[in-house]
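Visitor: I would like a close look at a single part of this model, namely its largest cavity and the helices around it. Please describe the residues involved and their classes.

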Amino acid sequence: MALALDVRLPSPVVELHDERLGEVRVLLKRDDLVHPVVSGNKWRKLKYVLDDSEIAGATTLLTFGGAYSNHVRALAAAGLSLGLRTIGVIRGQERPFNDVLAGAVADGMHLHYVDRTTYRRRRDAALHDELRAAYGDFHLVPEGGTSVLALRGCAEIVAEIERPFDMIVCPVGTGGTLAGLATGLAGGQSAIGISTLKGAVSLDSDVDRLISADVGTSLRNWRIDSRFHHGGFARRSRELDAFLDDFDVRHDLRPDPVYVGKMLFGLFAMISAGEVPPGAVVVALVTGPVAESGSRSSRHSPDLIV
Ligand SMILES: *Cc1c(COP(=O)(O)O)cnc(C)c1O
């Protein structure tokens, strides 16, 4: 693997002690600790997407993302480590310029801003041709780093967990991480994805398509729960904020409200509703940045984590 980033693997697995869990045991898989800049699941996804054989001959990587995209930030860092030029096609305006984009630029990424209509054409070959006319040839990395190759890196998360477990829970954006986890599970284990988006009707079929493309068949060991989006992507509710404040007080950890916070909120809600059988061991995948209380750096500021 050519991605010469300084990563910490395997990521730690730690039990969460919280009386609200009753007879359910929850283990946190701390993928947020894999790398300080390339947030956990983005590194997992890029590992094989940027494998030597995949990018052979490429001099430039191009990808798509929103202005707060952890994936865009991760690709810039990966490109720097691989010695490749990177271009980020960003939905929206140049202002406000935020720390995610500033970090990407510091790692040498060129940002190309497009309006929403153009961004919707991100899978369209005609748009790719226009971009090739402007920038020369590039290796295209899809939005969120999600492709069949991303699944393999996420399946490795499961392989790293030595303690027996029944269920693994993760936040869902594009569904690539969930799909990868599902392909890595043993018989009797299941994966639940907590959707961070509202009304994303194609998510189930997206995940099914990725899994089928990878393992050649559909799997029935996963599902997506869409009850915990709190108004939609990057939206938050008072209830979610209260949960996160309380979680911080109890555990000295402040999960981001966009992904990990919604996942933990959903998991706790399912447990208190009796939807998780007593005695079950559940792994909660911490896919990205969590601030340790008292050491909240700007990198961890919640508005940066989308
Ligand atoms: C991108 C991201 C996700 C969503 O992953 P998908 O594979 O797109 O579903 C979840 N958590 C964090 C921290 C992320 O940055």
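Guide: For the classes used here, Ala, Val, Leu, Ile, Met, Phe, Trp, Tyr, Cys and Pro count as nonpolar, Asp, Glu, Lys and Arg as charged, and the others, Gly among them, as polar. The model is predicted. On that basis, the lining of the largest cavity divides into eight nonpolar residues, no polar residue and one charged residue.

The structure holds one cavity of 30 Å³ or more, and about 40 Å³ of space lies in the largest cavity. Its lining consists of Leu28, Arg30, Phe247, Leu253, Pro255, Val260, Leu264, Val286 and Val290. Two or more of these residues come from each of strand S2 (25-30), strand S10 (253-255) and helix H11 (260-272). Because Arg counts as charged, the one charged member of the lining is Arg30.

Two of the lining residues, Phe247 and Leu264, also take part in a helix contact, Phe247 on the side of H10 and Leu264 on the side of H11. The axes of helix H10 (residues 238-251) and H11 come within 10 Å and cross at roughly 90 degrees. Angles of 65 to 115 degrees count as roughly perpendicular, and H10 is therefore roughly perpendicular to H11. From H10, the contact draws on Glu239, Leu240, Phe243, Leu244 and Phe247, and from H11 on Gly261, Lys262, Leu264, Phe265 and Phe268. By class, the residues of this contact are seven nonpolar, one polar and two charged.

Two further helix pairs may be set beside this one. Helix H3 (residues 70-82) and helix H4 (residues 99-106) pack at an angle of about 15 degrees, with their axes 8 Å apart; H3 and H4 are therefore roughly parallel to each other. Their crossing is left-handed. In this contact, Val72, Arg73 and Ala76 of H3 meet Val100, Gly103 and Ala104 of H4, a set that divides into four nonpolar, one polar and one charged.

For helix H7 (residues 148-160) and helix H8 (residues 176-184), the axes come within 7 Å and cross at roughly 55 degrees, and the two helices are therefore oblique to each other. H7 passes H8 in a right-handed crossing. H7 contributes Leu151, Cys154, Ala155, Ile157 and Val158 to the contact, while H8 contributes Gly176, Thr177, Ala179, Gly180, Leu181, Thr183 and Gly184. The contact of H7 with H8 has seven nonpolar, five polar and no charged residues.

Key: Residues numbered from 1 in each chain as written. Predicted model: local features only at pLDDT ≥ 70, side-chain atom pairs only at ≥ 80, totals over all residues. Heavy atoms only, no water. Axes fitted to C-alpha atoms, helices over the stretch in contact; angles between N-to-C directions. Helix = DSSP H or I, 4+ residues; strand = E, 2+ residues; numbered from the N terminus. Parallel < 35°, antiparallel > 145°, perpendicular 65-115°, else oblique. Left-handed = near helix turned anticlockwise from the far one by under 90°. Contact = heavy atoms within 4.5 Å. 1 Å grid on protein atoms, 1.4 Å probe; cavity = no way out; pocket = protein on both sides within 12 Å on 5 of 7 lines; lining within 4 Å. Points joined across faces, edges and corners; volume = space filled by probe spheres on them.
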